[in-house]
Amino acid sequence: MSTEMGDSLGWVAIVVIWVLACIVGALSIYRRRRTGEFYPEHGFLIGAILMLALAPSVLLITHLVDRSASLSQIVIHLIFGVFLLLAFARARHRRRNPEDSGPSLTFHEKSSLLIVLGHLIVFGSYFYNICLFDKADLDCTGGTCPDAAIPAFFGALVMLVIIMIIGHILIALTHSPIGELNEPPDERDRQIWSLGSRNAGWVTGLGFWAVPVMALAPLSMYHVLNIWLAIAVMSSVTRYGSIAAYYRFGVR
């Protein structure tokens, strides 16, 4: 018992030192306002530092409260921190290289890639923890969806929505030229979106061939629902991955 308490106090000390170091770093950057050297990218950097300070704090508090701390509980903080660091790097490059006005990626490409990465990260983690390895020690018998899978699914949806909102805000803030965000879709846009939907339809159509297999196989409702969820995720990834590829390499 004393050893466990000593370990907890050690982690508390480490986290406190880390948080204080992050706060000092953020304040030192903010002080540049006095000399007029504080640029918009520094706001992104401060946000990233605060996210990196918040992540271990949340993990430690969760551990001290119910002893159920897991890295999955701070994934969203780390993702936001990475997004903010990328926004900082992009804004800094744009300020130092004003002649480089053309974006390497269009806004629609960035949006599509964000959606693809969001789906892969969120639902990849969901299937890893719940379906593939049954880390939650779920009982899949009885033909019903396990109680632990339902909150995991809705938690994945909430995380995906948060990533989409924050990610698109950061993309919009760092994109140049800003006027591209308000441009109505042209004929090329509509063609690309149509082709992306067509490719996604092929994936969904192929998924229907799983119906007779699932009807013959002794699968529980839990597994059937997760198979259909995997098909839906692959269809969405195919759609937006195709859109990003068509914008980048053109329609042939």
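1. From the N terminus on, the elements of the protein chain run α-α-α-α-α-α-α-α. The chain accordingly holds eight helices and zero strands. The coordinates under review are those of a predicted model.

2. On burial, the protein chain comprises 252 residues, and 34% of them count as buried. The exposed area of the chain amounts to about 15,300 Å². Carbon and sulfur atoms supply 69% of that area.

3. On the contacts within the fold, consider pairs in the protein chain with a separation of 6 or more: residues 24 or more positions apart account for 76% of these contacts.

4. A surface feature deserves mention in connection with helix H1, which spans residues 2–30 and contains Leu20. Together with Val16, Ile23 and Leu27, Leu20 makes a nonpolar surface patch. The area of this patch is about 340 Å².

5. A further point concerns Val211, a residue of helix H7, which covers residues 210–216. Is Val211 buried, partly exposed or exposed? The relative accessibility of Val211 is 36%, and Val211 therefore counts as partly exposed, since that class lies between the limits of 20% and 50%.

6. The position of Val211 relative to Val224 may be noted as well. The two residues are 13 residues apart along the chain, and their C-alpha atoms are separated by 9.1 Å.

Definitions and conventions:
Residues are numbered from 1 along each chain as its sequence is written. This is a predicted model: local features need pLDDT of at least 70, side-chain atom pairs count only at pLDDT 80 or more; totals for chains, interfaces and linings use all residues. Side-chain values use heavy atoms; hydrogens and water are left out. Helices (H or I, at least four residues) and strands (E, at least two) are DSSP runs, numbered from the N terminus. Buried means under 20% relative accessible area, exposed over 50%, partly exposed in between (1.4 Å probe, protein chains only). Patches are made of residues with over 30% relative accessible area and no salt bridge: like charges are joined within 9 Å, nonpolar side chains (Val, Leu, Ile, Met, Phe, Trp, Tyr) within 5 Å. Accessible areas come from the Shrake-Rupley method with a 1.4 Å probe; for residues, only the protein chains shown count as cover. A salt bridge is a side-chain nitrogen of Lys or Arg within 4 Å of a carboxyl oxygen of Asp or Glu. Contact means heavy atoms within 4.5 Å.
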